[in-house]
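Reader: I am new to reading protein models. Can you take me through one, feature by feature?

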Amino acid sequence: MNIRYRVELNQTERAELTALVSGGKNAARKLKRAQILLAADAGVSDDDIVASVRVSGSTIYRTKQRFVLGNLEAALCEEPRPGASRKLTGKEEALLVATACSKPPEGRARWTLELLAGEMVKLTEHEDVSRETVRRRLADNELKPWRKDMWCVPKVDGEYVARMEDVLDLYAEEPDPKHPVVCFDESPTQLIGEVREPIPAKPGQLERYDCEYKRNGTANLFIFLDVHRPWRKVKVTDRRAAEDFATCMRDLTDLHFTEAERIRVVLDNLSTHTASSLYQTFPAAEARRVLRRLEFHYTPKHASWLNMVEIEIGVLRGQCLDRRIPTRELLESEIAAWERQRNASGDRIKWMFTTEKARTKMGRAYPKITGIETPAKES
């Protein structure tokens, strides 16, 4: 017997479904069921619902049935779907995770899905474990044992904290043209030429270029970034020796910030980033003249992320250098064009990490204060 279920919503249910459909931030299946119920309540035929909601007749029938025999929640929610039970028990899954986190077999650099599947056959009573079973269980536990991440663990001591807060306080200062804050760093880049001319893009076809290329040497980029105004400068050199660093510092005082009384320079701990580099390059009087207008502020060791110019280097690489550039002349002209456009656009780095946030987020890593014992009073 073909039973026809009639949907009649009360005012509360109708308002709930209307809000659900209007919100749009739910699973597509749930939204379609809500649309079915609202349409059925309004007297729309099943054929018209099929056409407007784009669902099958059986879906409409089941949705109405669950509403009439159950309630609104039963009609909207997903029914449990049949399927095979998990092959690995909870204990076996824990064993898989422990194995994936352990040292790989002798002669192998890392665990693979095939190796782990074979190991689970050895460690459990299963006659076989598929690669897909291993993959799913590792995904559930957010594990990828074939991948590694290299990082540097800094030693957070008094020196680290002092340098970090010194740099963060500079970033937080109000702009002062007489005492600008300039971030400085360098970045190497390769000069890459084409062996064969690329084929330009056209409708329906991407630009194509040959996998073979010609290496034409390297160049070095010195990057300056004003913390408090939209200004950056990139200087292309052949190397990054002490003499090149010294010349960049003189450019700061004599070309870029001629009116400044004192320029605060944020830089990392590279061996050439010292006052001695200027004395190695210029006569003593000239070196002293330049250094009188400079004030070096060093980021903590292994904490280059505190140098704002690192973000600007990433922007430069993404917007300008993410391609093959064969000659230094073309490199200089392309960087100069990028620099003009970015300065003219008024783009700045929006720095959000402050001293207060550092003390909150990194409080556990700050050095522990031992306290000072007070002398005992005489009786």
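Author: Start with a hairpin, and keep in mind that this model is predicted. Strands S2 and S3 form a hairpin with five residues between them.

Reader: In which sense do strand S2 and strand S3 pair, antiparallel or parallel?

Author: Antiparallel. Strand S2 covers residues 213-226, strand S3 covers residues 232-237, and six bridges join them. For a single position, look at Ile223: it stands opposite Val234 in S3.

Reader: What should I know about side chains in a strand?

Author: In a regular strand they alternate between the two faces of the sheet.

Reader: How many helices and strands does the protein have?

Author: There are 15 helices and five strands.

Reader: What does the radius of gyration say about the protein?

Author: Compare two numbers. The radius of gyration is 33 Å, and the globule rule gives 21 Å for 379 residues. The value is well over the rule, so the protein is more spread out than a compact globule. Now take the box along the principal axes. The C-alpha atoms fill roughly 105 × 85 × 55 Å.

Reader: What share of the residues is buried?

Author: Buried residues make up 35% of the 379. As for surface, the protein exposes about 24,100 Å². Carbon and sulfur atoms supply 51% of that area.

Reader: What share of the contacts joins residues at least 24 apart?

Author: Count contacts between residues at least 6 apart in sequence. Of these, 70% join residues at least 24 apart.

Reader: Let's turn to rings. How many aromatic pairs does a search of the whole structure find?

Author: It finds nine. Take Tyr171 and Trp351. Their ring centres are 5.1 Å apart and their planes lie at 70°. An angle over 60 degrees counts as edge-to-face, so this pair is edge-to-face.

Reader: Where in the chain do Tyr171 and Trp351 lie?

Author: In distant parts, 180 residues apart. Tyr171 is in helix H9, residues 158-172. Trp351 is in the loop between helix H14 (328-345) and helix H15 (355-361).

Reader: Is Tyr171 buried or exposed?

Author: Buried. Its relative accessible area is 9%, and the cut-off for buried is under 20%.

Reader: What kind of aromatic pair do Phe184 and Phe245 form?

Author: Edge-to-face again. The centres are 5.7 Å apart, with 65° between the planes. Phe184 lies in strand S1 (residues 181-194) and Phe245 in helix H10 (residues 242-256). The pair therefore ties together parts that are 61 residues apart in sequence. Phe184 is buried at 0% relative accessibility. Phe245 is buried too, at 1%.

Reader: Which residues do ring pairs link into a cluster with Phe184 and Phe245?

Author: The cluster also holds Phe222, Phe224, Phe296 and Tyr298.

Reader: What is a disulfide?

Author: It is a covalent bond between the sulfur atoms of two cysteines.

Reader: How many disulfides does the count come to here?

Author: Zero. Check Cys183. Its nearest cysteine sulfur, that of Cys248, is 15 Å away. The cut-off is within 2.5 Å, so Cys183 is in no disulfide. Cys248 is in no disulfide either, and its nearest cysteine sulfur is that of Cys183. Cys183 counts as buried at 0% relative accessibility. Cys248 is buried with a relative accessible area of 0%.

Reader: What sign does phi have in most residues other than glycine?

Author: Negative, in most of them. Now look at Arg54. It is not a glycine, yet its phi is positive, about 65°. Arg54 lies in the loop between helix H3 (46-53) and helix H4 (57-69). It is exposed, with a relative accessible area of 70%.

Reader: What is the phi of Glu142?

Author: It is near 55°, a positive value in a residue other than glycine. Glu142 is found in the loop between helix H8 (131-140) and H9. It is exposed, at 74% relative accessible area.

Reader: One last residue. Which residues is Thr133 in contact with, leaving aside its neighbours within four places in sequence?

Author: Lys87 and Leu88. Thr133 lies in helix H8. At 15% relative accessibility, Thr133 counts as buried.

How values were computed:
Residues numbered from 1 in each chain as written. Predicted model: local features only at pLDDT ≥ 70, side-chain atom pairs only at ≥ 80, totals over all residues. Heavy atoms only, no water. Phe/Tyr/Trp six-rings, centres within 6.5 Å; stacked < 30°, edge-to-face > 60°. Helix = DSSP H or I, 4+ residues; strand = E, 2+ residues; numbered from the N terminus. Buried < 20%, exposed > 50% of the residue type's maximum accessible area, 1.4 Å probe, protein only. Pairing = 2+ DSSP bridges. Rg over C-alpha atoms; globule rule 2.2 N^0.38 Å. Contact = heavy atoms within 4.5 Å. Areas by Shrake-Rupley, 256 points an atom, 1.4 Å probe, with all protein chains shown as cover.
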